[in-house]
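Here is a short briefing on a ligand and the pocket around it. Look at the model before reading on.

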Amino acid sequence: MRIAVCPGSFDPVTYGHLDIVRRGANIFDKVIVAVLTNSKKQPLFTVEERLALLKEVTAELDNVEVDAFAGLLVDYMRQKQAKVLIKGLRAVSDFEYEMQMAAVNQKLDPEVETFFMMTNPRYSYLSSSIVKEIARYAAPVSDLVPPPVEQALKAKFAR
Ligand code: ADP
């Protein structure tokens, strides 16, 4: 069975992420969406909130699982018997960082293959940070995130 891991902060999950997860799920037998819990970034949503939203919006994808991990990604992948790392590329600005990460992971575990997918052009500008910035000022985000995420953002910023 070919198991792929799609790691990220997902703070919160956007249509850009979902597009990559869906496409990955069409190619691999199983995709594990893995929420990084030891990020340096100060998140808006707790890990539990991010997991709950991811579970809700991927519920109809039968071969997609949602999980959280801490520590080294290659260690987590070994534990899950996953050999493929799925990443989305939006712009040239993603490229340098992703190339570095792919090289590091390859060095840490030569069996891990990083699999890049070009963003859907509809979402090439889309990031969780942009979504948070827009929602903070109560502007509509319905084209950028699924309805449960839109609701969760409203609730966060209503306080
Ligand atoms: P962000 O950069 O939005 O905070 P994450 O750290 O959660 O996102 O990203 C997880 C993965 O999802 C990364 O591989 C990133 O390149 C990919 N990704 C995020 N947004 C998009 C998008 N709009 N199109 C394609 N891939 C994306």
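The points below cover the ligand, its shell and the pocket.

This is a predicted model: local features need pLDDT of at least 70, side-chain atom pairs count only at pLDDT 80 or more, and totals for chains, interfaces and linings use all residues. Residues are numbered from 1 along each chain as its sequence is written, and side-chain values use heavy atoms, with hydrogens and water left out.

**Shell around the ligand**
- The ligand is surrounded by 16 residues (a heavy atom within 4 Å).
- The closest are F10, G88, R90, T119 and Y123.
- By class, the shell has 5 nonpolar, 8 polar and 3 charged residues (Gly counts as polar).
- The helix α1 (15-27) gives the largest share, 3 residues (helices are DSSP runs, H or I, of at least four residues; strands are E runs of at least two).

**Polar contacts (N or O pairs within 3.5 Å)**
- A polar backbone atom of G88 lies 2.5 Å from an oxygen atom of the ligand.
- For a polar backbone atom of F10, the distance to a ligand oxygen is 2.9 Å.
- T119 places a polar side-chain atom 2.8 Å from a ligand nitrogen.
- Alone, the ligand exposes 540 Å², and the protein buries 91% of that (Shrake-Rupley method, 1.4 Å probe).

**The pocket**
- The ligand takes up space in the largest pocket (an open set on a 1 Å grid where a 1.4 Å probe fits, with protein on both sides within 12 Å along at least five of seven lines; more than half of the ligand's atoms lie within 2 Å of its points).
- Its lining (residues with an atom within 4 Å of a point) has 48 residues.
- The largest share of that lining, 9 residues, comes from α4.

Terms used
Polar contact = N/O pair within 3.5 Å; in protein donor to acceptor, adjacent residues only side chain to side chain.
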